[in-house]
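The following dialogue is intended for a bench biochemist who wishes to read structural features from a model. Please keep the sequence and the structure in view while reading.

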Amino acid sequence: MNRPELIQRWIRDWQQGRLSRRELLRRVTLLGMSSFALANLLTACARSQPTPTPASTEASPRVGAAIPDYIDRSKLDKELNFYNWSEYIDPGILTEFQETYGVKVTMDTYASNEDLLAKLQGGATGYDVIVPSDYMVSIMINLGLLEPLDYSVIKTIANIDPENLKPYYDPDNTYSVPYMWGTSGYSYDTNVLGQDLASWKEVFEPRPEVRGKVVMLDDQREVIGAALMYLGYEINETSDDALARAKQLLLTQKPYVLAYSSQNNDDLLVAGEALIAHIWTGDALMSEQEKPTLRYVIPTEGCTVWQDNLCVPKTAPHKYTAMVFIDFLNRPDIAGRNASYIMYGSPNKAAREQGYIDQEVLNNPGVYPPPEVWKRLQWIKDVGEEGALKLDRLWTEIKTG
């Protein structure tokens, strides 16, 4: 979907009461349209359209809504609880699911895979759909925390690229369907630091003008993994020598760190409070839309590549509705809109081939890296109980040291 088509769709959503004027303004500003130009466009639209009627907050399906024949409407619950990463879905998609299926979606957010795991292990039983990353799916399978998926309901798995299926962490996709994928490099302000930054050195041994203005992800595997790669180790290394060196590097860096944050690192960059931020792909690229002097880097030493997944906890209270929601998210039109909005790599091959994803996203090498960049990307993997305990201790020492 090209830029004009995307803007027109958002305007239709606004006219139908599915999108607030403020949210519409935020989205089109990210795509480069000025607020003045938007105001003129909306004025013209208002002359030819009836006053929009706000969408009902009641969870009742639309008459004639496009629910596939293989979905048993009698089994749908009236609510669904979604536990997701922050800013990781187009809000209009949740509204459309509610309007189409008559299911009210409540979404809570978390900042890291470890936070998600701790919540589930701590007894949280109300979540129906969660979005763990690759290695965390493996851990959750081993802990018996996930429900097998029902592919008599999730038929849209047929839209997923075979390259993204049958991953190392769930070889038969028994428990997971790919959602989005991306990388974890860093973003920085070229106005201050120039165009040539390429190494993790700029993050871990920052130049004087950057000190106190570095933001790191609040994610132990990402931060420790980046330090290990900078030191020349594999991202999943857990030897005592490697972790001791990573600890020293991170403790030396810590006085220069403004914050460990996975939720507002992009805001700090845009505001100028941070000059370099360890960041996920989509957050970096959306920040560039707000502040064009920002640049995303996949470091020469490499960085994490990851794939997030849609899963259903064993304790989910609305399991059938959860399967229906996953099926809905993998429709080509829905997956394409979502990928264009959050600007992450989509595993949905049908969405790409049918033109539902913005070409600017598809052609961005930060989202879809070229082959030579793929060679230096690494997957985070389950390091076993002993390795996990070592990483937990190290992270605690970094955060409290």
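The turns below treat the chain, its sheets, its core, its cavities and some loop residues of a predicted model.

Q: How many helices and strands does the chain have?
A: The model is a predicted one. Its chain has 18 helices and 10 strands.

Q: What share of the residues counts as buried?
A: Of the 401 residues of the chain, 56% count as buried. As for contacts between residues at least 6 apart in sequence, 75% of them join residues at least 24 apart.

Q: How should I read the pairing of strands, and what is the strand order in the open sheet of three strands?
A: Strands of a sheet pair through backbone hydrogen bonds, in either the parallel or the antiparallel sense. In this model, the open sheet of three strands has the order β2-β1-β3, and the pairing is parallel. The edges are occupied by β2 (104-110) and β3 (129-130), each with a single partner strand, so one side of each lacks a neighbour in the sheet.

Q: How many bridges join β1 and β2?
A: Seven bridges join β1 and β2 in the parallel sense. To locate the register, begin at Leu-80, whose bridge partner in β2 is Val-105.

Q: Which strands pair with β4 in the antiparallel sense?
A: β4 pairs with β9 over seven antiparallel bridges. Five bridges join β4 to β7 (residues 276-280), again antiparallel, and four join β4 to β8 (residues 294-297), also antiparallel. Three residue pairs serve as landmarks. Pro-178 has Asn-309 of β9 as its bridge partner, Gly-185 has Ile-279 of β7, and Tyr-186 has Val-297 of β8.

Q: Why is strand β4 described as largely enclosed?
A: A residue counts as buried when its relative accessible area is under 20%. In β4 (residues 177-189), 13 of the 13 residues are buried, so the strand is largely enclosed by the rest of the structure.

Q: Which residues touch the most other members of the largest nonpolar core?
A: That core has 119 residues, and those that touch the most other members are Tyr-88, Tyr-101, Ile-130, Met-140, Tyr-179, Phe-204 and Leu-329. Helix α13 (residues 319-329) supplies the largest share of this core, eight residues.

Q: Which residues does Tyr-88 touch?
A: Leaving out residues up to four places away in sequence, Tyr-88 touches Val-131, Tyr-179, Met-180, Trp-306, Asp-308, Ile-342 and Tyr-344.

Q: How is empty space found, and how many cavities of 30 Å³ or more are there?
A: Rolling a probe the size of a water molecule over the atoms shows where empty space is left. A search of the whole structure gives four cavities of 30 Å³ or more. The largest cavity holds about 230 Å³ of space.

Q: Which residues lie nearest the centre of the largest cavity?
A: The lining has 20 residues, and Trp-85, Trp-280, Trp-306, Asp-308 and Tyr-344 lie nearest the centre. Two of the contacts of Tyr-88, Trp-306 and Asp-308, are also named in this group. By character, the lining comprises nine nonpolar, five polar and six charged residues. Both α6 (134-142) and β9 (303-310) supply at least two lining residues each.

Q: What does the sign of phi tell a reader, and where is Glu-87 found?
A: Most residues other than glycine have a negative phi. Glu-87 is not a glycine, yet its phi is positive, about 55°. Glu-87 is found in the loop between β1 (79-85) and α4 (91-101), and with 47% relative accessibility it counts as partly exposed.

Q: Is Asn-173, which also has a positive phi, buried or exposed?
A: Asn-173 is buried, its relative accessible area being 3%. The phi of Asn-173 is near 50°, and this residue is found in the loop between α6 and β4.

Q: Where does Glu-273 lie, and which residues does it touch?
A: Glu-273 lies in the loop between α11 (265-271) and β7. Glu-273 is partly exposed, with a relative accessible area of 47%. Not counting residues up to four places away in sequence, Glu-273 touches Lys-213, Leu-258 and Leu-268. From Glu-273 to Val-214 there are 59 residues in sequence, while their C-alpha atoms are 9.0 Å apart in space.

Notes: Residues numbered from 1 in each chain as written. Predicted model: local features only at pLDDT ≥ 70, side-chain atom pairs only at ≥ 80, totals over all residues. Heavy atoms only, no water. 1 Å grid on protein atoms, 1.4 Å probe; cavity = no way out; pocket = protein on both sides within 12 Å on 5 of 7 lines; lining within 4 Å. Points joined across faces, edges and corners; volume = space filled by probe spheres on them. Nonpolar A, V, L, I, M, F, W, Y, C, P; charged D, E, K, R; others polar. Buried < 20%, exposed > 50% of the residue type's maximum accessible area, 1.4 Å probe, protein only. Pairing = 2+ DSSP bridges. Core = buried A, V, L, I, M, F, W, Y, C linked by side-chain atoms within 4.5 Å. Contact = heavy atoms within 4.5 Å.
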